[in-house]
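Let's take a friendly walk through one sheet and its surroundings, and then step back to the chain as a whole. Here is the structure to keep beside you.

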Amino acid sequence: LILDGRFVLTDKNDGLRTESNPLPVEASARLVFPGFRDPYHLDGNLRCDAPTGSRNSQHMLFAFAASDPRIRLAAADVRSAFLKGDYLGPERVLYGRAPNPNRGPSIPGVGSRLIQLRKGVFGLADAPRGWFKRLSRCFAERGWETSTTDQATWLKFEGSGENRKLVGMVVGHVDDLLFAGFPEQFATLESIGEELGFSSLKVDDFTWCGKRIRRADDGTIRISMAEYHENLNPTEIASDYLQDPNTPLRPRDHSVFRGICGSLMWIVAQLRPDLAFDTSVLQGQQAAPTGQSLIDANKLILHAKASKEFEQIFRPI
């Protein structure tokens, strides 16, 4: 079986661009193969789990970063991370066809030749795990420990016994790394960047996984998602729903309602626990939503947009 590859073109700034924040296009191209057709995956012989850092770990990192002004706060992302993961192994023989240059971007000098896939690429089911193993090994070689409660969180300690002290922490989300640590541990992060190749390394004020994270002048760590709020938009409501709010939603409007609930659930989970109750009430109407459900959803979106500058604040303790 030969897997046909293609390039997926995206704009990394798409989710952050608003009328008040007209960011330029940040182009990204990823070579992707249809891993769902991989015979090794179809046979159930691949281990594909690859953990990502939890929100609890993120919050612990923010509290740690706020605890001492000497601690540096940073974010880094690895360029072409999956290609830097572990090799697939000699027992796994997998071939792909390079993207057809007549249908879109191609690999220079390769044309439509067959290529042997020896490392993880986007689309392969076990590519995230291969990358996670490589990243974990990088931290272990530098004396960092894996958190017992979160396999995608790495901790650096100094001293022993009662004098043991946390001096560095990293939370991973695939190829995006969130860091807090003293200057000596920041040097470790830079050394990992030299080995793996960071496409960016930003300090004290940056966007990480859709959230703006910054250290304020008062030493607090502040988390916000103003652009996400701005991009939440109420939907147009048909006149018959306004005349009789008890009218059951038509299939298309039901789909729109599910999308709104999903958008609100995401921001509740990431930033806005104050919206959790009203969002949960909306979620409870998923089985049989009515015109009133859409009306209430629009009200909640407008409420969220009116408080787009909302911040989670982690203070020095």
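## I221 and its partners

I221 has F314 as its bridge partner in β15. This is part of the antiparallel pairing of β14 with β15, which is made by three bridges. The model is a predicted one, so please read these pairings as features of a prediction.

Turn to β13, and I221 appears again: this residue of β14 is the bridge partner of R215. Strands β13 (residues 211–215) and β14 (residues 221–224) run antiparallel, and four bridges join them. Within this pair, R214 stands opposite R222 of β14.

## The two sides of β14

Which residues of β14 point the same way as I221? I223 does, while R222 and S224 point the other way. In a regular strand, side chains alternate between the two faces of the sheet. Are these four residues of β14 buried or exposed? I221, R222, I223 and S224 are all buried.

## The hairpin

β13 and β14 also make up a hairpin, with five residues lying between the two strands. One residue to look for in the turn is G219, whose phi is positive, at about 90°.

## The sheet and its helix

Now let's place these strands in their sheet. It is an open sheet of four strands in the order β12-β13-β14-β15, and the pairing is antiparallel. At the edges are β12 (205–208) and β15 (312–314), each of which pairs on one side only. From one strand to the next, the twist averages 20°.

Which helix packs on this sheet? Helix α2, covering residues 55–66, touches β12, β13, β14 and β15. The direction of α2 makes about 50° with that of β15.

## The chain as a whole

Stepping back, the protein chain has nine helices and 15 strands. Its C-alpha atoms fill a box of roughly 65 × 60 × 40 Å along the principal axes. Of the 317 residues in the chain, 42% count as buried. Among contacts with a separation of 6 or more, 67% come from residues 24 or more positions apart.

As for the surface, the protein chain exposes about 16900 Å², with carbon and sulfur atoms supplying 51% of that area. How many positive and negative side chains does the chain have? There are 39 positive and 39 negative side chains, and the centres of the two sets lie 5 Å apart.

Methods
Residues numbered from 1 in each chain as written. Predicted model: local features only at pLDDT ≥ 70, side-chain atom pairs only at ≥ 80, totals over all residues. Heavy atoms only, no water. Buried < 20%, exposed > 50% of the residue type's maximum accessible area, 1.4 Å probe, protein only. Contact = heavy atoms within 4.5 Å. Areas by Shrake-Rupley, 256 points an atom, 1.4 Å probe, with all protein chains shown as cover. Lys, Arg positive; Asp, Glu negative; His and termini not counted. Charge placed at Lys NZ, Arg CZ, Asp CG, Glu CD. Pairing = 2+ DSSP bridges. Axes fitted to C-alpha atoms, helices over the stretch in contact; angles between N-to-C directions.
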